[in-house]
Protein chains: 2
Amino acid sequence: MIGSAATSPPSGRRELRRASRREAILNVAQRSFLERGYAATTMNAIAAELGGSKGTLWSYFPSKEQLFAAVLDRATASFRELVAVTLNPADPPERAIRSFCRRFVERICSPEAIALYRLVIGESQRFPEVGRIFYERAPAITRKIMADYLAGAAERGQLMVTNSALAAEQLTHLCLAGMHQRAMLGVIDSPSSTAIRAEADNAAGLFLRAYG
Amino acid sequence: MIGSAATSPPSGRRELRRASRREAILNVAQRSFLERGYAATTMNAIAAELGGSKGTLWSYFPSKEQLFAAVLDRATASFRELVAVTLNPADPPERAIRSFCRRFVERICSPEAIALYRLVIGESQRFPEVGRIFYERAPAITRKIMADYLAGAAERGQLMVTNSALAAEQLTHLCLAGMHQRAMLGVIDSPSSTAIRAEADNAAGLFLRAYG
DNA sequence: TCATTACCGTACTTTATGGTATGATTTTCT
DNA sequence: AGAAAATCATACCATAAAGTACGGTAATGA
């Protein structure tokens with residue numbers, strides 16, 4: 001066993017246990033950060049909810065800031081998957097875009113998505129890299145997918161799109177126009193699925209009238 | 001001088017001084033809240049920057065929460081004026097809408113507007129009325145003005161708008177699609193005026209292609 | 001088996017902060 | 001001038017939260 005990856009051997013009982021404990025900590029911390037924000041989340045509360053002792057918590061994450069960074073790292077990564085939406089170039093563009101909008105609005109208005117968005121925006125002043133990382137991982141990627149699709153549709157003569165990156169930005173933001181903004185500001189709680197459908201269809205409708 | 005308004009006599013040296021002191025406190029507090037957020041703003045720092053003593057500060061605002069509420073009250077009120085934009089029904093609609101978008105994007109992307117928006121969103125979880133008050137005072141009013149204009153333009157046969165409230169929501173949100181989001185997330189700092197013009201013209205262009 | 005490593009419980013330290021108390025000083029009103 | 005109100009400087013209080021220390025106990029690996 002000479003060269004068996006001294007730094008990161010994937011198995012071994014201890015490493016497994018350690019990894020799962022780390023996950024448990026991140027789960028508890030994420031819930032707390034998302035529902036209470038950074039300042040109102042206390043390490044004590046996390047340790048208490050975790051059941052273990054404070055020393056253990058600090059042995060995994062040596063400071064609150066580092067725990068926060070790890071939580072955001074994981075949350076934004078999974079957020080990217082949450083809002084990743086498939087676009088089928090074989091469908092007629094009206095259909096593909098409408099179905100994209102429905103799924104996108106639904107996911108972006110979910111309570112977890114709203115909470116994460118709030119947290120990121122609220123803390124992006126004090127932790128500037130938080131906003132940038134989130135931007136690259138979520139909105140930028142979604143828009144890239146949409147822009148590629150739109151460029152393809154334009155090439156196939158299905159849409160009159162010249163600047164596909166701009167059009168993608170416009171479409172995805174049209175999906176945030178109504179309920180998402182109200183949800184962010186706490187004006188509404190969690191929108192019904194019929195309201196979501198209507199919202200998405202409005203966004204797609206405007207976009208298709210302009211570029212169809 | 002029998003009935004000279006016992007509760008709120010506008011002048012009198014003491015009242016004037018008191019009012020101006022209150023303004024000074026709100027100015028200092030607003031700067032701090034906007035640039036550091038609620039939690040990271042300390043009453044000590046405000047008192048120190050103010051120059052006076054702590055007792056005086058507390059004699060004006062008996063708690064940090066009440067000071068915060070007063071700051072937000074004033075800030076959202078002035079924000080409403082900041083983004084209030086005139087729409088001239090005598091102009092051709094392309095011109096009116098394009099000029100609205102330019103001014104709107106410019107104001108909404110100003111550093112103060114971004115900071116306020118961030119603060120409101122970040123704290124709307126712990127102080128739910130903050131988000132609601134802001135919503136009513138800023139986005140809702142702007143949209144109402146726009147919706148009224150669009151309804152008039154539709155009546156005059158200038159635009160093909162059926163749901164003016166929805167169309168207003170879409171237009172104002174199109175103005176936030178690009179730089180505003182990036183500014184909120186700290187991806188860019190403060191956009192140039194040429195970028196603002198381009199952004200606004202894109203929003204107006206899409207809208208007019210769909211409804212023109 | 002036995003050394004090692006991780007974990008537990010709990011008490012502790014340190015620092016920061018919202019808020020209070022007080023006695024002296026200045027400003028305002030009559 | 002002189003009473004009343006406001007302000008100042010400063011010391012103080014209570015609490016809360018991040019982070020540390022430590023002795024004992026359970027799990028892990030050879």
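Which residues come nearest to DNA strand D? Keep that in mind as you look around this predicted model.

**Stop 1: DNA strand D**

Select DNA strand D and show the protein around it. There are 21 residues around this strand, and those that come nearest are A:R14, A:M43, A:K54, A:K64 and B:Y60. Now colour the DNA by its parts: sugar and phosphate make up 72% of the atoms of DNA strand D that come within 4 Å of the protein.

Next, zoom in on some individual contacts. Start with A:R14, where a backbone N or O atom sits 2.9 Å from a phosphate oxygen of DNA strand D. Move on to A:K64, which has a polar backbone atom 2.9 Å from a phosphate oxygen of DNA strand D. Then switch to chain B and pick B:R21: here a polar side-chain atom lies 3.1 Å from a phosphate oxygen of the strand.

Which elements give two or more residues to the surface near DNA strand D? In chain A they are α1, α2 (43-50) and α3, and in chain B they are α1 and α3. If you colour this surface by residue class, you will find 3 nonpolar, 10 polar and 8 charged residues.

**Stop 2: DNA strand C**

Now select DNA strand C. Of the 21 residues around it, A:Y60, B:R13, B:R14, B:K54 and B:K64 come nearest. For this strand, sugar and phosphate account for 76% of the atoms that come within 4 Å of the protein.

Three residues of chain A are good to click on here:

- A:R21 places a polar side-chain atom 3.2 Å from a phosphate oxygen of DNA strand C.
- A:T56 has a polar side-chain atom 3.0 Å from a phosphate oxygen of DNA strand C.
- A:G51 has a backbone N or O atom 3.5 Å from a phosphate oxygen of DNA strand C.

Zoom out to the helices. At least two residues of the surface near DNA strand C come from each of α1 (13-36) and α3 (54-60) of chain A, and from each of α1 (13-36), α2 (43-50) and α3 (54-60) of chain B. By class, the residues of this surface are 3 nonpolar, 10 polar and 8 charged.

**Stop 3: the two protein chains**

Hide the DNA and give chains A and B separate colours. How many degrees of rotation superpose chain B on chain A? The rotation is 179 degrees, with 0.0 Å of shift along its axis and an RMSD of 0.2 Å. The two copies are therefore related as by a two-fold rotation axis. Both copies use the same surface, as 100% of the contact residues of chain B recur in chain A.

**Stop 4: a helix from each chain**

Select residues 164-174 of chain A, helix α9, and residues 193-211 of chain B, helix α11. Their axes are 11 Å apart, and the helices pack at an angle of about 70 degrees, so α9(A) is roughly perpendicular to α11(B). Show the side chains of A:L166, A:Q170 and A:L174 on α9(A), along with B:N202, B:A203 and B:L206 on α11(B), to see what makes the contact. These residues divide into 4 nonpolar, 2 polar and no charged.

**Stop 5: a pair within chain A**

Finish with helix α4 (residues 64-83) and helix α5 (residues 93-108) of chain A, whose axes come within 9 Å and cross at roughly 145 degrees. On α4(A), pick A:F79, A:E81, A:L82 and A:V83; they meet A:F104, A:R107 and A:I108 in α5(A). This contact has 5 nonpolar, no polar and 2 charged residues.

Note on methods. Residues are numbered from 1 along each chain as its sequence is written. Chains are lettered from A and ligands numbered from 1 in the order in which they are written. This is a predicted model: local features need pLDDT of at least 70, side-chain atom pairs count only at pLDDT 80 or more; totals for chains, interfaces and linings use all residues. Side-chain values use heavy atoms; hydrogens and water are left out. A residue is near a molecule or strand if one of its heavy atoms lies within 4 Å of it. A polar contact is a pair of N or O atoms within 3.5 Å; within protein, one must be able to donate a hydrogen and the other to accept it, and residues adjacent in sequence count only if both atoms are side-chain atoms. Helices (H or I, at least four residues) and strands (E, at least two) are DSSP runs, numbered from the N terminus. Ala, Val, Leu, Ile, Met, Phe, Trp, Tyr, Cys and Pro count as nonpolar, Asp, Glu, Lys and Arg as charged, and the others, Gly among them, as polar. Axes are lines fitted to C-alpha atoms, for helices over the stretch in contact, and angles run from 0 to 180 degrees between N-to-C directions. Angles under 35 degrees count as roughly parallel, over 145 as roughly antiparallel, 65 to 115 as roughly perpendicular and the rest as oblique. Contact means heavy atoms within 4.5 Å. Copies are superposed by least squares on the C-alpha atoms of residues with pLDDT of at least 70 in both.
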